[in-house]
Amino acid sequence: MMNDTNLTQHEKLLILLVDDLPINLHVLVSALKTDFRLKTATSGASTLALLKDQTELPKLVILDVKMPGMSGIEVLRRMRADPNTLAIPVILVSADVSEQNELAGLNLGADEYLIKPISKDTLIIRVRNLIRRNAEQSKLRLAGYVFNYSGEAIMITDRNNHIVDVNAAFIKLTGYDKADVLGSNPKLLSSGRTTEEECRDMSEAILKDGFWQGEMWDRRKDGSVYPKMMTVSVVRNRAGDIEFHLANFVDISRYKESEERIEHLAHHDPLTGLPNRLHLQIFLEQSMLIVTRMSEQLAVMFLDLDRFKNVNDTLGHSVGDALLIQVAARLKSCVRDYDAVARLGGDEFVVILRGHDIESVAAIVATKINLHLSRPFLIGTGTLRTSTSIGIALYPDNADRIDDLMKNADRAMYFAKSEGGNKFCFFSTAMNLHAHEKLKMENQLYEAIEKQELQLYYQIQVDNLYQPLGAEALVRWLHPERGQVPPMQFIPLAEESGLILSIGYWVLDTACAQLKAWQNATLTRDLILAVNVSPKQFCQNDFISQVRDVVQRHAINPALLKLEITESLMLINIEAVIATMTSLKALGVQFSLDDFGTGYSCLQYLKRLPLDQLKIDYSFVRDIATDSSDKAIISTIIAMAQNLNLDVIAEGVETEEQRSFLINKGCTHFQGYLLGKPIPIDQFEELVKQLNVTEVGADGGEWLP
Ligand SMILES: Nc1nc2c(ncn2[C@@H]2O[C@@H]3COP(=O)(O)O[C@H]4[C@@H](O)[C@H](n5cnc6c(=O)[nH]c(N)nc65)O[C@@H]4COP(=O)(O)O[C@H]3[C@H]2O)c(=O)[nH]1
């Protein structure tokens, strides 16, 4: 650059020339003016004044030693004392050949000492060399600064890969002092987590490209392992041989942690920690490949909690969330480690099973899930019961694409739900027709009331001496083509479509007409008739006036009408429910809480409901002989009812064993096939007659026909 006469004036380096004799200055100017920009001064004082101007300091000062006033030596001394001018190279020029000034000047840090007269060429070469040397020294100083103060750890190794220098950041990061590592191989830092193969690849890349960048795991002096991002480059000598390796690296533990966290979040549901839809998709793709290769099958199980929306809407999202977390844990406990449980969102879960004879395996697992999820969940101070509907689709039998498999499992799940929930259902091609069938049935149900296709059946309720206490009215649909359709097949449909309101009203009206008829006969006049009231029906604005009107129109004793409500009603709006119940209670009707123990049973609420009776759910009675926890639940319900001064009736009593157990525990009212199935009114009245002429053993335990 310095030889380049094409440089603009601005690009040329600035040199300050100082001499008291203009002739000497002239010589210097004419020697240097082509390559440099020049400033001149003729005294020590004016030199220092020029150097005070910080806007542009010269890259070199050529300074005459002998000047009147202030000598060049004194100017130099002052320059070296001033931090701003301390590093500016200085060439002293003198006609004095004695060593005294030369020594004084060199001692003060003069870079050159030239004796006049100086040849033009010598001057130019010396000036150029000095400026170049100085520039190199500046660079070295800067490099040293970067090395020492860099935030990145730097390690320099020689051609034999022995550490020759490390910086402060290295010491801070690795915990090793310089003395610990100098002369050692960098393997000293290795954690063993980076494989031999990875190390070999790195060495090859360094040899081939002179550069490598990547991540590796190292161990600090204290033994802790950390990931680092490292760059290695080689420094070659003029002959092209490697002289040094320069490695700089940073600890990326934090970055790794957040990377792992982001990765986890992208693939997992934050609430339950289960894999999410994206993860499930990837898992399914891999599983389909594996089962195809191994001639196995897959079962995709689609799960949806029954009535979860009610839980969320009524008890709040925190209860809903707590329930979902517990459901996730129970689901995981129902499957093997290599099966997958994922949450798609809301209350939708998917379980994937793999293996041979997958249909039987899926049926076993689904039964287990239905059972486990129907057991009570302890949430806060209350227990919550839920159930789940499961749809199962098999790969490759039911579909060979992920989308179709999921769709089919979903369809099967809806089928299980429409069957009343707490069930599992395998996909079948017939289900594609299901939506159409459903619509048809809905239309037919709409006309069922008008066409008088609905009927009431009566199931007897007795005391512990088999004496008739009353009946539960249960609706039946006498379908023109299908014959008698059980309520579990059309009540959910009626609930969904809103038809339950007119069906419910018809049941209430028909039951009251029956009560009126019973009032006129001695045998039946004290019988109490229980009528199921669906939550939707109960929550109508005019439900109280509907009941009042029906009771008045049929002129019945309201105390003989018992409205059966279910626990799911408590999930809607407890205060409004209590208000409606209280008004109806004032009319004189009774209340029984149906399916007790299967929903959200919170004692707090139970105490506030104006109930007359608790009805122990059939599911507990069924398992009396086999399930000790059901026995315990029954004992608790009976004790609870006694404490709250309520009647207690057990439904679904099928065996003597169940009845004796219930009697022993203090249950006083019974309903079930042991005593009589739901039957038409004429058969029911016949049954009541028979029971009234039957003698009963003193302990009530023996029924003598
Ligand atoms: N295995 C077995 N089952 C027994 C036994 N004793 C009684 N059951 C059955 O258990 C159900 C008891 O009625 P629920 O719990 O109110 O359950 C009822 C109720 O939730 C609903 N339902 C029936 N009629 C009406 C109605 O008029 N209105 C409303 N909203 N729902 C109704 O349909 C459900 C099913 O009614 P059903 O099929 O008549 O089934 C009846 C009855 O036949 C037994 O010893 N063993």
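How far from an oxygen atom of the ligand is an N or O atom in the side chain of Asn532? In this model, which is a predicted one, the separation is 3.0 Å. I shall begin with the ligand and its surroundings, and then turn to the backbone.

Two further polar contacts involve nitrogen on the ligand. Gln459 places a polar side-chain atom 2.9 Å from a ligand nitrogen. At Val475 the partner belongs to the backbone: a polar atom there is 3.1 Å from a nitrogen atom of the ligand. Taken on its own, the ligand has 790 Å² of accessible area, and the protein covers 85% of it.

Which residues form the shell? The ligand is surrounded by 21 residues, and the closest are Gln459, Glu472, Arg476, Glu654 and Tyr673. Gln459, already mentioned for its polar contact, is thus among the closest. By character, the shell comprises 10 nonpolar residues, 5 polar ones and 6 charged ones.

Regarding secondary structure, at least two shell residues come from each of three elements: strand S19, residues 468-479, helix H16, residues 487-497, and strand S23, residues 590-596. Of these, S19 makes the largest contribution to the shell, with 4 residues.

I now move to the backbone, where four positions deserve comment.

Two of them are cis peptide bonds that lead into proline. The bond from Lys116 to Pro117 is cis, with omega near -5°. Pro117 sits in the loop that joins strand S5, residues 112-115, to helix H5, residues 120-149. The bond from Tyr395 to Pro396 is also cis, and its omega is near 10°. Pro396 belongs to the loop between strand S16, residues 388-395, and helix H14, residues 402-418.

The other two are residues other than glycine with a positive phi. Tyr466 has a phi of about 65°. This tyrosine is located in the loop between strand S18, residues 454-463, and S19, the strand that supplies the largest share of the ligand shell. Ala555 has a phi of about 50°, and lies in the loop between helix H19, residues 543-554, and strand S22, residues 561-566.

Is Tyr466 buried or exposed? Its relative accessible area is 2%, so Tyr466 counts as buried, the cut-off being under 20%. Ala555, by contrast, has a relative accessibility of 45% and is therefore classed as partly exposed, since exposed would require over 50%.

To close, I return to the ligand: Gln459, Val475 and Asn532 are the residues whose polar contacts I have described.

Key:
Residues are numbered from 1 along each chain as its sequence is written. This is a predicted model: local features need pLDDT of at least 70, side-chain atom pairs count only at pLDDT 80 or more; totals for chains, interfaces and linings use all residues. Side-chain values use heavy atoms; hydrogens and water are left out. A residue is near a molecule or strand if one of its heavy atoms lies within 4 Å of it. A polar contact is a pair of N or O atoms within 3.5 Å; within protein, one must be able to donate a hydrogen and the other to accept it, and residues adjacent in sequence count only if both atoms are side-chain atoms. Accessible areas come from the Shrake-Rupley method with a 1.4 Å probe; for residues, only the protein chains shown count as cover. Ala, Val, Leu, Ile, Met, Phe, Trp, Tyr, Cys and Pro count as nonpolar, Asp, Glu, Lys and Arg as charged, and the others, Gly among them, as polar. Buried means under 20% relative accessible area, exposed over 50%, partly exposed in between (1.4 Å probe, protein chains only).
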